[in-house]
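Biologist: I have a structure open on my screen and do not know how to read it. Could you take me through it, feature by feature?

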Amino acid sequence: MSVAKFKQIAKTIEARIESGEYPKGFKLPTHRVLADELNTTPATVAKAYQLLVDKKRVESFVGRGTFVCAPSRLSDVIQPADDETDFNFSILQPCLSQNLSPLRDAMMNAADHLSCHLMGYTENSGHESHRLAAVTWAKKFGLTGGNVNNTLLTNGAQHGLSLLIHTLTEPGDTIAVEALTYPGIMAIAQAAGRHVVGVKFDEQGMCPDDLQQVITQHQPKLVIVVPSHQNPTGITMPSVRRDAIATVIERNNIWLIEDDIYGFLNPDPIAAISNRIPLHSFHISGLSKALSPALRCGFLKVPESHIAVLQATIRANIWLSSPLNYIAATQLIESGEAFELAENQREIACKRQQIARDILSHDGNESGFQIWWPLPQQWQQERFVMEAKNQGLIVSSGRYFNANGDDPKHIRLSLMAINSEQRLQKGLKLLRDLARSDVSSVIPF
Ligand SMILES: Cc1ncc(COP(=O)(O)O)c(C=O)c1O
């Protein structure tokens with residue numbers, strides 16, 4: 001079999017995907033049909049399909065065929081769903097039913113305080129009082145060294161991640177991440193043509209020795225770590241591990257993005273990794289998980305060397321993050337109410353973790369929004385996700401979190417998106433029963 005031939009066929013298929021001839025979800029022709037069309041052998045087509053599976057352009061299911069993946073699979077893994085009809089275990093957001101009225105009041109209050117100054121254009125990275133509020137927020141949860149000059153405002157943490165990845169790396173560069181990580185990072189990397197390599201982790205988070213090995217082997221320019229209540233595993237890095245990761249970053253003279261969007265969930269603040277290596281690190285925090293993702297408030301603390309370039313990039317891309325939401329957010333932070341709301345979410349999360357431990361008999365985390373649930377042996381991951389969906393249970397397949405492309409045989413369950421505790425219990429019991437059921441008793445797809 002010619003090596004060039006299967007690569008050529010893979011390219012032809014990719015061109016058909018790009019052109020829309022093979023849209024998302026499209027079932028690719030059988031090996032034989034395509035082999036006849038392209039005047040080659042079924043074995044060559046099979047090899048081309050495998051190459052595209054490795055590149056995550058298509059996915060294969062035994063007995064069903066090979067299908068085109070979405071260009072970004074974020075929409076598959078994180079699915080907003082109607083709380084009335086479905087049980088949404090997919091989306092990691094704060095429990096909003098109880099906290100809506102303080103947010104509504106803050107928005108109304110913000111409207112009452114509009115001024116010409118706040119409604120006009122301002123400096124690149126937002127009003128000073130809003131940046132000061134961002135500094136206050138991040139400091140409360142373990143970040144030192146932030147000030148109104150080195151703190152920038154973004155449209156949520158995702159915007160911050162995207163901004164930093166584009167600024168700190170170039171197409172073709174490699175980024176090291178936790179081997180299981182937030183799919184939003186991989187979506188940015190994929191769209192921007194950056195490679196992602198997973199670093200092993202244990203119960204304390206990313207392993208420093210493996211990080212060193214990955215740096216030696218792959219020479220990433222950037223390492224991204226989620227140190228608190230990591231998505232998806234829920235692991236929180238203790239101080240000693242944070243020190244060790246900082247040492248590796250500094251020794252190799254590369255960049256760190258510390259995405260601490262879940263830092264407010266720690267019962268006591270843990271000093272940020274960025275405190276140890278301020279010249280090498282970019283710290284992200286924000287209000288999406290503690291208050292509401294609709295605020296789109298993300299905060300970046302950056303080294304002095306990068307303030308100007310990041311301000312210029314924000315200006316070039318969006319001019320500035322909408323000050324309207326920041327007016328409300330600033331009021332909530334200044335009054336202390338934002339911290340009460342965050343604490344409230346932490347308490348809800350702890351209570352829901354207990355409920356999930358009881359129902360699923362799962363040795364999960366004490367706190368945090370999600371559980372990383374191992375599936376019983378008899379279940380194949382995608383089949384479980386699909387069967388759960390048939391029952392109105394929307395869960396996130398573990399494979400979307402895997403930076404190295406293996407099948408982790410877990411699913412991620414968010415415990416916070418379902419508004420009432422009663423419905424949460426009902427949904428968890430349905431999931432438990434499904435997991436325990438005999439896989440052959442459910443209708444095959
Ligand atoms: C680790 C991590 N970073 C960033 C985000 C996105 O946050 P935002 O809504 O502020 O963009 C998420 C959302 O799930 C996340 O889990």
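Modeller: Start with the domains, and keep in mind that this is a predicted model. The domain assignment of the protein gives domain 1 (3–68), domain 2 (76–98 + 339–441) and domain 3 (116–336).

Biologist: How many Å separate the centres of domain 1 and domain 3?

Modeller: Taken over C-alpha atoms, the two centres are 38 Å apart.

Biologist: Let me begin with a small feature. How do β1 and β2 run, and how many bridges join them?

Modeller: Strand β1 (residues 58–61) and strand β2 (residues 65–68) run antiparallel and are joined by four bridges. To see one pair, find serine 60, whose bridge partner in β2 is threonine 66. The two strands form a hairpin, with three residues between them. In that turn, glycine 63 has a positive phi of about 85°.

Biologist: Next, the sheet of seven strands. In what order do the strands lie?

Modeller: Read across the sheet, not along the chain. The order is β4-β12-β11-β10-β9-β5-β6, in an open sheet with mixed pairing. At its edges are β4 (151–155) and β6 (195–199), each of which pairs on one side only. On average, neighbouring strands of this sheet are turned by 25° against each other, direction ignored.

Biologist: In which sense do β5 and β6 pair?

Modeller: Strand β5 (residues 174–178) pairs with β6 in the parallel sense, over five bridges. Valine 177, for example, has glycine 198 in β6 as its bridge partner.

Biologist: Which strands does helix α10 lie across?

Modeller: Helix α10 (residues 208–218) lies across β5, β6 and β9 (222–225). The helix runs at about 150° to β6.

Biologist: Now the other open sheet, with three strands. What is the order there?

Modeller: The order is β13-β16-β15, and the pairing is antiparallel. β13 (370–374) and β15 (396–397) are the edge strands; each has a single partner strand, so one side of each is left without a neighbour in the sheet. Between β15 and strand β16 (residues 410–414) there are two bridges, in the antiparallel sense. Serine 396 has arginine 412 in β16 as its bridge partner. Helix α16 (residues 381–390) packs on this sheet and touches β13, β15 and β16. The direction of α16 makes about 35° with that of β16.

Biologist: My last topic is empty space. How is it found?

Modeller: Rolling a probe the size of a water molecule over the atoms shows where empty space is left. This structure holds three cavities of 30 Å³ or more. The largest has about 80 Å³ of space.

Biologist: Which residues are closest to the centre of the largest cavity?

Modeller: Of the 13 residues in its lining, those closest to the centre are Trp137, Phe141, Asp260, Gly263 and Ser285. The elements that give two or more residues to this lining are α7 (128–140) and β11 (281–286). β11 gives the most, with three residues. By class, the lining of the largest cavity has seven nonpolar, five polar and one charged residues.

Biologist: And what volume does the second largest cavity have?

Modeller: The volume of the second largest cavity is about 70 Å³. Its lining includes Glu178, Phe201, Met206, Gln230 and Met237. By class, seven residues of this lining are nonpolar, three are polar and one is charged.

Key:
Residues are numbered from 1 along each chain as its sequence is written. This is a predicted model: local features need pLDDT of at least 70, side-chain atom pairs count only at pLDDT 80 or more; totals for chains, interfaces and linings use all residues. Side-chain values use heavy atoms; hydrogens and water are left out. Two strands pair if DSSP finds at least two bridges between them. Axes are lines fitted to C-alpha atoms, for helices over the stretch in contact, and angles run from 0 to 180 degrees between N-to-C directions. Contact means heavy atoms within 4.5 Å. On a 1 Å grid over the protein atoms alone, a cavity is a set of points where a 1.4 Å probe fits but cannot get out, and a pocket is an open set with protein on both sides within 12 Å along at least five of seven lines; lining residues have an atom within 4 Å of a point. Grid points are joined across faces, edges and corners, and a volume is the space filled by probe spheres set on the points. Ala, Val, Leu, Ile, Met, Phe, Trp, Tyr, Cys and Pro count as nonpolar, Asp, Glu, Lys and Arg as charged, and the others, Gly among them, as polar. Domain bounds come from an automatic or database domain assignment.
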